[in-house]
Amino acid sequence: MNQHVFLFGGGPPFTEKMAKKYVSLLPKKNGSIVLLVLEREGWEAYMPKYTTALNRLGVNEFIYLPLPSTPIAKVIECVLSSSGIIIGGGDTNSYADYIVDTPISTAIQDRVLRGVPLAGFSAGALLTPDICVISGKDHRSQKLLQRKGLGLLQDMILSVHYSEWEEKDHLLETARLFSSRKYYGIDEQSCIWLKDNQIQAFDGKGIYELINDEVVQVYKGVENDLQWNMVY
């Protein structure tokens with residue numbers, strides 16, 4: 001089965017094109033999309049931001065799994081029967097604690113290997129490679145942190161909120177510490193779609209790549225829309 005991962009550089013919603021692509025990849029058999037999110041004040045009221053774009057495309061079956069209050073066994077059960085997976089945004093360290101460092105990670109890996117599409121927003125995107133690199137602007141220590149990732153992507157390291165947080169220096173530091181990889185910065189309201197670890201399309205405001213020690217903007221909104229049309 002082909003493996004599909006959608007990496008969003010900020011919080012929801014889905015961009016229109018990526019929502020359509022995500023829905024097109026959902027298995028034809030019955031099953032709900034599971035949302036793994038941090039449990040914090042107001043989390044339930046925030047869920048429509050993730051689901052509204054999918055609702056408009058006829059998708060209405062969702063299971064919300066707030067962490068860490070949802071028992072791990074229940075999360076695993078829901079993930080293993082899911083038609084799609086969404087990992088939300090928030091504190092990346094907490095997501096790594098509650099997902100990557102628990103048996104939930106194995107369940108997610110299994111479903112993605114079986115062709116179930118996964119979308120990660122901000123922290124959820126950072127978790128997807130084999131190495132999760134967390135910006136100093138994302139936690140109290142204000143220093144770059146390395147965590148184990150889900151391993152859904154190989155040889156890639158990400159920076160999210162790229163333009164909004166002015167993360168060029170973070171991306172350059174990441175490249176110095178973790179060599180021989182591909183390095184991408186993703187703006188908010190922007191997304192990279194990968195199939196079998198290969199980039200298929202960009203969408204949104206802006207995507208950046210470190211090429212020959214220079215950060216290059218490889219996608220800039222509708223100006224590069226022909227690129228989307230070619231691969232979509």
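Here are some informal notes on the pocket, the cavity and the packing in this structure, which is a predicted model.

1. **The largest pocket.** Start with the opening in the protein that offers the most room: the largest pocket holds about 160 Å³ of space. Its lining is made up of 13 residues. If you want to find the middle of this pocket on screen, look for L26, G31, V59, E61 and S83, the lining residues that lie nearest its centre.

2. **What lines that pocket.** Sort the pocket's lining by residue type and you get six polar, four nonpolar and three charged residues.

3. **The cavity.** How many cavities of 30 Å³ or more turn up in a search of the whole structure? The search finds one. The largest cavity has a volume of about 50 Å³. You can locate this cavity from its lining, which consists of L126, V133, I134, S135, D138, L158, S159, V160, W165, E167 and H170.

4. **Which strands face the cavity.** Two elements each give at least two residues to the lining of the largest cavity: β6 (131–134) and β8 (156–160). The largest share comes from β8, with three residues. By type, the lining of the largest cavity splits into six nonpolar, three polar and two charged residues.

5. **The main core.** Now for the packing. The largest nonpolar core has 67 residues. Those with the most contacts inside this core are L7, F14, L36, L54, I86, I99 and I108. Strand β2 (residues 33–38) gives the core its largest share, six residues. Apart from this core lies another one of 11 residues, including V133, Y162, F178 and Y183.

6. **A closer look at F14.** Which residues does F14 touch, once its neighbours within four places in sequence are left aside? The contacts of F14 are F8, A19, Y22, Y50, A53, L54, I86, A119 and F121.

7. **A closer look at I87.** Is I87 buried or exposed? I87 has a relative accessible area of 0%, so it counts as buried. You'll find I87 in strand β4 (residues 84–87). Not counting residues up to four places away in sequence, I87 touches L36, Y95, I99, I108, L118, A119, G120, F121, G124, L127 and L150.

8. **One distance to try yourself.** Pick the C-alpha atoms of I87 and Y219 in your viewer: they are separated by 24 Å. Along the chain, I87 and Y219 are 132 residues apart.

Definitions and conventions
Residues are numbered from 1 along each chain as its sequence is written. This is a predicted model: local features need pLDDT of at least 70, side-chain atom pairs count only at pLDDT 80 or more; totals for chains, interfaces and linings use all residues. Side-chain values use heavy atoms; hydrogens and water are left out. On a 1 Å grid over the protein atoms alone, a cavity is a set of points where a 1.4 Å probe fits but cannot get out, and a pocket is an open set with protein on both sides within 12 Å along at least five of seven lines; lining residues have an atom within 4 Å of a point. Grid points are joined across faces, edges and corners, and a volume is the space filled by probe spheres set on the points. Ala, Val, Leu, Ile, Met, Phe, Trp, Tyr, Cys and Pro count as nonpolar, Asp, Glu, Lys and Arg as charged, and the others, Gly among them, as polar. Helices (H or I, at least four residues) and strands (E, at least two) are DSSP runs, numbered from the N terminus. Buried means under 20% relative accessible area, exposed over 50%, partly exposed in between (1.4 Å probe, protein chains only). Contact means heavy atoms within 4.5 Å. A nonpolar core is a set of buried Ala, Val, Leu, Ile, Met, Phe, Trp, Tyr and Cys residues joined through side-chain atoms within 4.5 Å.
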